[in-house]
Amino acid sequence: MPELPEVETIARGLASRLTGDFIESVWLGSKPEPLKSSAAEIAATLQSRRIADVRRMGKHIVFELVSARERPSERAGAKAQWIVHLGMTGSMLVCKPELEIAKHTHAVVKLASGRELRFVDPRRFGRLSVARDFDAVGCEPLDVKLDRFITLFHGRKTPIKSALLNQKLLCGVGNIYADESLFRAGIRPRRRAVSLTRENLCRLYKSVQEVLKEAIALGGSSVSHYVDSDGQEGSFQLEHRVYGREGKRCLSCKAAIKRIVIAGRSSHYCPKCQK
DNA sequence: ACTATTTCCTGGATGC
DNA sequence: TGCATCCAGGAAATAG
């Protein structure tokens, strides 16, 4: 399930391989169910554009596109963005056109270099859309200043775990990294955000950044078949201290890791290390 | 204005 | 072996 580190890894890979390439044509499956844009709108926006850059915003991949030619409605050089959210099982594959089209392929982009960029998503939680000035809304966890981070949670009665998952507050943190960050900060996931001291929040701030940076350095966590656009697996799953470790011994105190459900999501924590 | 719950979707795991 | 059931989870939609 791609969260910030996985999406960052994918976006970097796509940027290094696709920047400068040109989109010749686009095929969209019957039901990519884009956020706001229709299939026709997406296809029309992508067609005949050069990929100027690929970057990550929150859990979104943003393709920065520039039109190479004049169009009826706009001048040459006009900008547009293709926004891809991978959901849980989405992947972006750069491959040769001869490669067999995998089941659940919902989009195929033909590039001037002769390669194809394919969007594959078995569970269909992924979303495609186009925009002009995309805004991920929440703060980027690796850019936000400490004081801003602290005010994000001010007065919130919701469990801190839920607040960390709220993309309108911080964007990019998902279930795995929320659990791992809370473990490192020594905070139980059910603790109400409002009950956390400044000290707690400082630790959490450091933990979130530390966990995300380490995960990016290792290419993300490969669970549920996650691979980057090269087909390469990440290795941060080997560093998980609580996520997916229910019943196993805590790596620092040997207590059994617990799993509870918060807002319908599995939440893993050490009952001894986290208060 | 918040917060909590439900819904979407399919493959893989589990159980009888 | 085969079929049914459950579970995973991001975020929009809905309910409270």
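This passage describes how a protein meets two DNA strands, and then turns to one residue of the protein. The model is predicted.

DNA strand C is considered first. The residues around this strand come from many parts of the sequence. They include Met1, Lys59, His85 and Met88. Arg123, Phe125, Gln167 and Asn175 also belong to this set. Tyr243, Arg259, Arg265 and Ser266 complete the list. By class, the surface near DNA strand C has 4 nonpolar, 4 polar and 4 charged residues. Sugar or phosphate supplies 49% of the atoms of DNA strand C within 4 Å of the protein. The rest of those atoms belong to bases.

Several side chains meet the phosphates of DNA strand C. Tyr243 places a polar side-chain atom 2.5 Å from a phosphate oxygen of this strand. For Lys59, an N or O atom in the side chain is 3.2 Å from a phosphate oxygen of DNA strand C. Ser266 likewise has a side-chain N or O atom 3.2 Å from a phosphate oxygen of DNA strand C.

DNA strand B is surrounded by 12 residues. The closest are His104, Arg123, Arg156, Lys157 and Thr158. Arg123 is also listed among the residues around DNA strand C. The surface near DNA strand B has 3 nonpolar, 2 polar and 7 charged residues. Of the atoms of DNA strand B within 4 Å of the protein, 65% belong to sugar or phosphate. Bases account for the rest.

Phosphate contacts to DNA strand B involve both backbone and side-chain atoms. In Lys157, a backbone N or O atom lies 2.9 Å from a phosphate oxygen of the strand. In Thr158, an N or O atom of the side chain is 2.8 Å from a phosphate oxygen of DNA strand B. Arg192 contributes a polar side-chain atom, which lies 3.2 Å from a phosphate oxygen of DNA strand B.

Attention now moves to Leu164. This residue is found in helix H4, which spans residues 160–165. Is Leu164 buried or exposed? Leu164 counts as buried because its relative accessibility is 0%, and the cut-off for buried is under 20%. Which residues does Leu164 touch, leaving aside those up to four places away in sequence? The contacts are Phe153, Leu170, Val173, Ala178, Leu182, Leu204 and Val208. One of these partners, Val208, is 44 residues from Leu164 along the chain. The C-alpha atoms of Leu164 and Val208 are separated by 9.5 Å.

Methods:
Residues numbered from 1 in each chain as written. Chains lettered and ligands numbered in written order. Predicted model: local features only at pLDDT ≥ 70, side-chain atom pairs only at ≥ 80, totals over all residues. Heavy atoms only, no water. Near = heavy atom within 4 Å. Polar contact = N/O pair within 3.5 Å; in protein donor to acceptor, adjacent residues only side chain to side chain. Nonpolar A, V, L, I, M, F, W, Y, C, P; charged D, E, K, R; others polar. Helix = DSSP H or I, 4+ residues; strand = E, 2+ residues; numbered from the N terminus. Buried < 20%, exposed > 50% of the residue type's maximum accessible area, 1.4 Å probe, protein only. Contact = heavy atoms within 4.5 Å.
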